[in-house]
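I opened the model and kept notes as I went. The entries follow the order in which I looked things up.

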Amino acid sequence: MNRLRLATLAACLLAALPGPGQAQARPGAIAAEYGAVADRLIDAAIADSAAWTKLARLTDGFGPRLSGSEGLARAIEWILAEMKREGLESVRGEPVMVPHWVRGEESAELVRPRRQRLGMLGIGNSIGTPPEGIEAELLVVSSFDELQARAADVRGRIVLFDVPFTSYGQTVRYRVQGASAAARLGAAAVLVRSVTPHSLFTPHTGTLVYDSAAPRIPAAAVTVEDAALLHRLQRNGERLAVRLVMGARMLPDAQSYNVVAEVRGRELPDEVVVMGGHIDSWDVGQGAMDDGGGVVVAWEALRLMKALGLRPRRTVRVVMWTNEENGGRGGTAYRDAHRAELPAHVLAIESDNGAFRPSGFGFTGSDAARARITEVARLLARIGADTVTAGGGGADIGPIMQLGVPGMSPNVDGSRYFWYHHTDADTMDKLDPRDMGLLTAAIAVMSYVVADLPDALPRAAAP
Ligand SMILES: [Zn+2]
């Protein structure tokens, strides 16, 4: 290109750029402006196993972190102290009252036609049984439709929903709504086949929601293997009986906190990119994948900005929401505490799909914003995390997305997520240090660059 054409081109570009606010509309501008800083963040994130090591300290040190548990309270104290030690800014716990469900002793046993202990986990928020348990005939059904078709046979029985896994969203309805659906027809208790595509005799817990119009009955998940066994026996014409014992109970609400830390913006500190995951977990395993990894990669992304001396135009804020699993109180408390600032929340990123190898992000927001995000994501091409798909978000950022904040979640290799989800197998060994570094890199680059762009991401027109 000769000098004259270069000058002409520069003039054209300048003419097309009336203000600094449109600099990012120029093709390749984001790559030119942010390529070097993105590479620094990526190099730092994948240089070592810092994210994995930090997660191991959290999960091995404090164990599972169900709302109301000592494990959660102590984990939050430790995180706040570490964040301060690292020099992160505005480190604080924002108070949230959370439900305090405890599992107690529990078991399930096939008692007729023969005795066999069943692999089970009580479903979170379930009531318990009387101390001696509930022993009743078992009715196995494959769907809500079959439950209705067998309505006359439900009263006084324990109902087992043996529903094959299709997608999480489809199949989880039986865990969430199965107890009340069966209780409306007079069932004494409910068992649900664990919500998973793959089982090595691992029962999967999770939450249920009682319909206020139905009686509350105890509910537990059983393994895929045992659900299949019980269903085969019923098909063979056996009359089955099961004994369920659950010491579960709901205690008074407990004090918890959303954990917050920031790197304050250098020009527009009141405009915020928020990113994080949930610090609580189920009371089994270690909550390593769900969602210890999610909170640690966001925390590491922020720490790397601080360590590299990067201070974006806007504030980047990590939030570790509490009580995602059995109440969602952290997400609603954040919305309520920050309602006045939400118009200045530029973007919310939630990582709650497991800290596995990232391929990019899902995004929910205006088309103009998505185009900008897609350009930012190109900075992640060298680690294969540059694909932006439609639709992103999460349970904790849902409440602020409903008020117009654009939402995003990393897309990761989800092939094994539901194998371990809400089980004793959700432990550190399921996560790979390299993949956690890549996810940290993706979140660090996305949050930093969006926080630093000359213009805030354009929002969709208000409804
Ligand atoms: Zn989760």
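**Entry 1: E14 and E16.** I began with how E14 and E16 pair. They run antiparallel and are joined by 6 bridges. I picked one bridge to follow: glycine 362 has serine 409 in E16 as its partner. The model is a predicted one, and I read every value below in that light.

I then checked the surroundings of E16. Of its 6 residues, 5 are buried, so the rest of the structure largely encloses E16.

**Entry 2: the other side of E16.** I looked at E13 next. E13 and E16 pair in the parallel sense, over 2 bridges. Isoleucine 349 stands opposite methionine 408, which belongs to E16.

E13 also pairs with E11. These two strands run parallel and share 5 bridges. One pair I noted is valine 274 with its bridge partner alanine 348 in E13. As background, strands of a sheet pair through backbone hydrogen bonds, in either a parallel or an antiparallel sense.

**Entry 3: the whole sheet.** In what order do the strands of the open sheet come? I read E1-E10-E12-E11-E13-E16-E14-E15, which makes 8 strands with mixed pairing. The edge strands are E1 (89-102) and E15 (387-390), and each of them pairs on one side only. From one strand to the next, the twist averages 25°.

**Entry 4: helices on the sheet.** I looked up two helices that lie across these strands.

- Helix H4, residues 70-85, lies across E1, E10 (249-263) and E12 (314-321). H4 runs at about 10° to E10.
- Helix H10, residues 367-377, lies across E13, E14 (358-364), E15 and E16 (407-412). Its angle to E15 is about 155°.

**Entry 5: the zinc ion.** Which protein atoms are the donors of the zinc ion? I found His278 (NE2), Asp290 (OD) and Asp352, the last listed with OD twice. The donors lie 1.9 to 2.6 Å from the zinc ion. Along the chain their spacing is H-x11-D-x61-D. Histidine 278 belongs to strand E11 (268-278) and aspartate 290 to helix H8 (288-307), so this pair ties together parts that are 12 residues apart in sequence.

I checked the geometry as well. The angles among the 4 donor atoms span 52 to 145°, and the site is irregular. The tetrahedral label needs all angles between 85 and 135 degrees, so this site does not receive it. For reference, the ideal angle for four tetrahedral donors is 109.5 degrees.

Are histidine 278 and aspartate 290 buried or exposed? Both are buried.

**Entry 6: salt bridges.** I took the total: 31 salt bridges. I then went through three of them.

Glutamate 94 and arginine 92 form one, with 2.9 Å between the closest N and O atoms. Glutamate 94 has 11% relative accessibility, so it counts as buried. Arginine 92, at 27%, counts as partly exposed. Both residues also sit in a network of salt bridges that links Arg92, Glu94, Glu262, Arg264, Arg317 and Glu341.

Aspartate 162 and arginine 193 make another, at 3.3 Å from N to O. This pair links distant parts of the chain, 31 residues apart. Aspartate 162 lies in the loop between strand E6 (158-161) and helix H6 (168-183), while arginine 193 lies in strand E7 (189-193). Aspartate 162 is buried at 8% relative accessible area. Arginine 193 is buried too, at 16%.

Aspartate 336 and arginine 339 form the third on my list, and their closest N and O atoms are 3.3 Å apart. Aspartate 336 is partly exposed at 43% relative accessibility. Arginine 339 is partly exposed at 44%.

**Entry 7: leucine 88.** Where does leucine 88 lie? I placed it in the loop between H4 and E1. Its relative accessible area is 7%, so leucine 88 is buried.

I listed its contacts, leaving out residues up to four places away in sequence. Leucine 88 touches Met83, Ala261, Glu262, Trp299, Leu302, Arg303 and Lys306. Glu262 is also a member of the salt-bridge network from Entry 6.

I closed with one distance. Leucine 88 and arginine 317 are 229 residues apart along the chain, and their C-alpha atoms are separated by 10.0 Å.

Note on methods:
Residues numbered from 1 in each chain as written. Predicted model: local features only at pLDDT ≥ 70, side-chain atom pairs only at ≥ 80, totals over all residues. Heavy atoms only, no water. Donors = N, O, S within 2.8 Å, 3.2 Å for Na, K, Ca; no water. Tetrahedral: all angles 85-135°; square planar, octahedral: opposite > 155°, others 65-115°. Helix = DSSP H or I, 4+ residues; strand = E, 2+ residues; numbered from the N terminus. Buried < 20%, exposed > 50% of the residue type's maximum accessible area, 1.4 Å probe, protein only. Pairing = 2+ DSSP bridges. Axes fitted to C-alpha atoms, helices over the stretch in contact; angles between N-to-C directions. Contact = heavy atoms within 4.5 Å. Salt bridge = Lys/Arg side-chain N within 4 Å of Asp/Glu carboxyl O.
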